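The following note is offered to a colleague who is meeting this structure for the first time. Its points take up the architecture in turn, from sheets to helices to aromatic rings.

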Amino acid sequence: MANFRFRWAPSPCIFAVVLLLAPLGSAAQTLNDPANLAGERVAAPSLADTLPINHGAPALQQLLLKLRTRASMMLIVAHPDDEDGGLLTYESRGQGARVAMLTLTRGEGGQNLMSADFDDALGLIRTQELLAADRYFGVDQMFGTEVDFGFSKTKEETLAKWTHDRVLYDAVRAVRLYRPLVLASVFVGGPTDGHGHHQVSGEICQEVFNAAADPKVFPEMIAEGLLPWAPLKVYARVPFSRVTPDGMFDYATGKTIPTRFHNYVTGVDTTAEPVATVEVHEGEKSTALGMDGDSYVQFARKGLALQKTQIGNGVRLAPAGAFDAGYTLMGSRVGKGGGHAVNEQSLFDGVDTTLPGIATLAPSAPASLREELTKIDTQLAEAQKTFAAEHPEATIPALRRALKAIDTIVLAYSKASGIPEGQRHNLLHELRIKRVQVNDALLLAHGVSMTATLEQASSPLLTTSTSARIAMKLSNRGDQGLVVLSENSPATHEPPLSSHPELLLQREIKALSGFPATRPYFSRPNIEQPFYDLSDWKLRNAPATPPPLIVSQYFEDEGTRLEMKAVVASPGSSAPVQAALAVPPASVSVSPTIGIIPRGEKTFEVKALMDSTPFSASANKVTLFLQNGAKGRGEAIETKELPSTRTALPLAASFTIDAARLTKQRSTFIAVVTQDHHDYAEGYRSVGYRGLTLTNDYTAAAYRATAVDVKTAPGLKIAYLPGTGDMVSMYLPYLGITPAILSAKDVTPEKLKQYDAIVLGVRAYAAQSYLEGAGSKPLLEYAREGGVVIVQYMTAHYGDAEAPFPITVPGDSAHNVVEEAQPVTLLHPDNPLLAWPNHITSADFDHWVAERGHGFAASWDSHYLPLTETHDPEQAPQEGGLLYARTGKGAYIYVAYALYRQLPEGVPGAYRLFANMLSLGKNPAASGR
């Protein structure tokens, strides 16, 4: 194999402009779409996409199916893993439709079985998990700006936090960008959906059917280049919760309520359960899905299995055989509509989805348009007919002719007069998408591939860098006369690529003002804000900030111009290959980020950490500020020099703060590092886990200190059995406790007896399978002999066999209390657990965040004493949140209140309550050891 190296001259700031180039053969656009959500430009494939079906001959076979249809749809759901993957895979891979999914939230309020990341960091991880699943489904992904604030029992609560306009705006923008023919949702928008987020996604999917078409709805989008778009049909999946003679079951509240379904398109209410207008045959097998001959739903489940934070390392795969998903028509602009059509054969019944059907987008165009599109369809049919996996190049001649014909039409209708602007916009949108698809098909048929890597000398890419050197490799396994066009002179033809099976190229990208840090374009100031602020409004709906370095290469194929893009990879990264990201030279953090200062403490410590890439010894210093007000650094407290010689990173500086500076209950301290005359006041870290694309999560170098009147018994020895990703043990030092972290070998009566209390982390019985059944006997014996066992909330793997007395913790949501502001009544305020060393009152449950708790017990033996009662509106009283039982000489506590969310946020009452639990063994009023 011959290797040829070309050294090309620097190009101006390609990282900023490559995504904004107008598509070939089209007029300049007013739409500013840097994330290419409309799909009108060639896209760079994901570096993490190694799925065989998305490469080579299998990918070409899939594209040939898509080329001859204009079918398109969008599924709207609330969270990652809500999606009907079988439907998505069936339509995209089985029917060739162009398919998108709008997921309103990033699942920030979910659980995490893979790491200790929660809230926004978890949202970043779940975003990448869903993108990994999407590669199986074969869909384009969009997101809303809403935040998963935890389980919501009602649509009303959800909309009170998100607001109706925000959700509708996100949906209208996504629909006007993608312009799908069909909309669908997994949810109907009513109580049978359960979760309030689910209900909102179902309602909005129906409302956007009319709203996206109405120019009076969000008219400011029109100035952005987002013209109104009228989808032709909208569906909702037949509810999972069936109707009975007693009514319909709402699993969020655990109640059966009168049957009523509302159609948000027609405004009609009905007491009849929705029936399937169409059955989607997700259980059909397809050899196009690989050698295993999976069905669509089986293949989709492999993608679902990648959403490990919610599922863990195992997922129940769909069995072979028939599997139909029923969808009911909620509104239609073809046929009778409004749910009257029955026995449809597909979601696109009544819609001309053929390639010539593109002409219906421009009824004012001459009849010759359909004739020209019919000729293109004939050429693409020829490409389909000649395709063979062993000889994909056989499709090249027909694909070439089709691409040239598309370019001719695009050029003609970009300049044509007499056609209304809306019709021209819709027509060109569809034609540009077809051009991209044929462009990609031709490159696959030629067998051309490209990789790009940041050269080691440039790694890492710093925000202060003014250039980046890129090593590119073009590989070719065909011999079809494809010509590489020179970067600086597109008219210059290099020798045919077939003469050089591998070309090694170099490119230098200039950025005179530096490269912006690659960071999420969405953020929020605190976890209580239920939506994101955007740093770049043009990226709204995008799954992530585009990689900073994307290179393009152009080719000529017998007079037709082709384009290929590649994301520049970080050198040396392992699978999945990570993109080269721009990072600041210094990353600054404080440890910890949130803490409490017990009353009576004279001083407390704040540690500032600085990681430098590369290490710089130029005037490194760190200053700690006491913030005044919501913004600004405020008063400088102290400045310290950082080491001038490289030692083990990160560099650290500790500040001892006089507790008297806490002039109010909560104060914020900010660390600012000065390096090379630049100030840095935030840090970043990669969030994710092995096998997943990582994301740099940026946080301010800020420490929030809260003064708390809290006491603990002296000299406590506490042990902690970790649960699923909870970080509660990290906050025990604020109570003067350094816990021992236990493993399976430590759970013996002899080893446990040295501790005053054993704390089980969130869902510990699911995380530590050895504890189930007989594995809990050492803990129960320890409690009988005088110890205190504290069990935080459980949802599964926990019951009578694990507890000292019978207890039922159901896996449903009916007993959860999700509204954190709901009052808490103390049923036995004088109980020792509530009385010492801190006197607990209802005020200790003020200012909680996210939720009251999960996994409230539904029933329990009389040995347990319920100490509190709380409930959501219209919920039955819940007394199973804090249960206390004497067990021989010791005690057993089950606590469902969400301490794992409160302690990291410095909520005073949560610390006071937890301190009492930990101190129970030394409580003078409680009989113990």
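1. The central element to examine first is an open sheet of seven strands, with the order 5-4-3-6-7-14-13 and mixed pairing. Strand 5 (140–143) and strand 13 (278–281) stand at its edges; each has a single partner strand, so one side of each is left without a neighbour in the sheet. From one strand to the next, the twist averages 30°. The reader should bear in mind that this is a predicted model.

2. Within this sheet, strand 6 (residues 182–185) and strand 7 (residues 233–237) are paired in the parallel sense, and four bridges connect them. Serine 185 stands opposite alanine 236 of strand 7. Helix 6 (residues 164–178) packs on the sheet, where it touches strand 3 (72–77), strand 4 (98–103), strand 5 and strand 6. The direction of helix 6 makes about 165° with that of strand 4.

3. A packed pair of helices is described by the angle between the two axes and the distance between them. For helix 3 (residues 85–94) and helix 4 (residues 119–137), the angle is about 45° and the axes are 8 Å apart. Helix 3 is therefore oblique to helix 4. Helix 3 contributes Gly85, Leu88, Thr89, Ser92 and Arg93 to the contact, while helix 4 contributes Arg135, Tyr136 and Phe137. Sorted by class, the residues of this contact are three nonpolar, three polar and two charged.

4. How many of the nine residues of helix 9 are buried? Helix 9 (residues 296–304) is mostly covered, with eight of its nine residues buried. The buried residues are Tyr296, Val297, Gln298, Phe299, Ala300, Arg301, Gly303 and Leu304. They pack against helix 3 and helix 4, and also against strand 13 and helix 10 (308–311). Helix 9 thus returns the reader to elements introduced above: strand 13 is an edge strand of the sheet, and helix 3 and helix 4 pack with each other.

5. Further along the chain, strand 28 (residues 603–612) deserves attention for its pairings. It runs antiparallel to strand 26 (residues 586–591), to which six bridges join it; alanine 586 has serine 612 of strand 28 as its bridge partner. Strand 28 is also joined to strand 31 (residues 651–658) by eight bridges, again antiparallel. There, alanine 608 has alanine 653 of strand 31 as its bridge partner.

6. Across the whole structure, a search finds 20 aromatic pairs. In one of them, the ring centres of phenylalanine 604 and phenylalanine 669 are 5.7 Å apart and the planes lie at 70°, so the pair is edge-to-face. Because phenylalanine 604 belongs to strand 28 and phenylalanine 669 to strand 32 (residues 666–675), the pair ties together parts that are 65 residues apart in sequence. Phenylalanine 604 is buried, at a relative accessible area of 7%, and phenylalanine 669 is buried at 0%.

7. In tyrosine 734 and tyrosine 911, the ring centres are 6.5 Å apart and the planes are at 80°, so this pair is edge-to-face. It links distant parts of the chain, 177 residues apart: tyrosine 734 lies in the loop between strand 37 (718–721) and strand 38 (740–741), and tyrosine 911 in helix 19 (residues 908–919). Tyrosine 734 is buried, with 16% relative accessible area, and tyrosine 911 is buried, with 1%.

8. A final item for inspection is an aromatic cluster formed by Phe845, Trp848, Phe856 and Tyr897.

Technical notes: Residues numbered from 1 in each chain as written. Predicted model: local features only at pLDDT ≥ 70, side-chain atom pairs only at ≥ 80, totals over all residues. Heavy atoms only, no water. Pairing = 2+ DSSP bridges. Helix = DSSP H or I, 4+ residues; strand = E, 2+ residues; numbered from the N terminus. Axes fitted to C-alpha atoms, helices over the stretch in contact; angles between N-to-C directions. Contact = heavy atoms within 4.5 Å. Parallel < 35°, antiparallel > 145°, perpendicular 65-115°, else oblique. Nonpolar A, V, L, I, M, F, W, Y, C, P; charged D, E, K, R; others polar. Buried < 20%, exposed > 50% of the residue type's maximum accessible area, 1.4 Å probe, protein only. Phe/Tyr/Trp six-rings, centres within 6.5 Å; stacked < 30°, edge-to-face > 60°.
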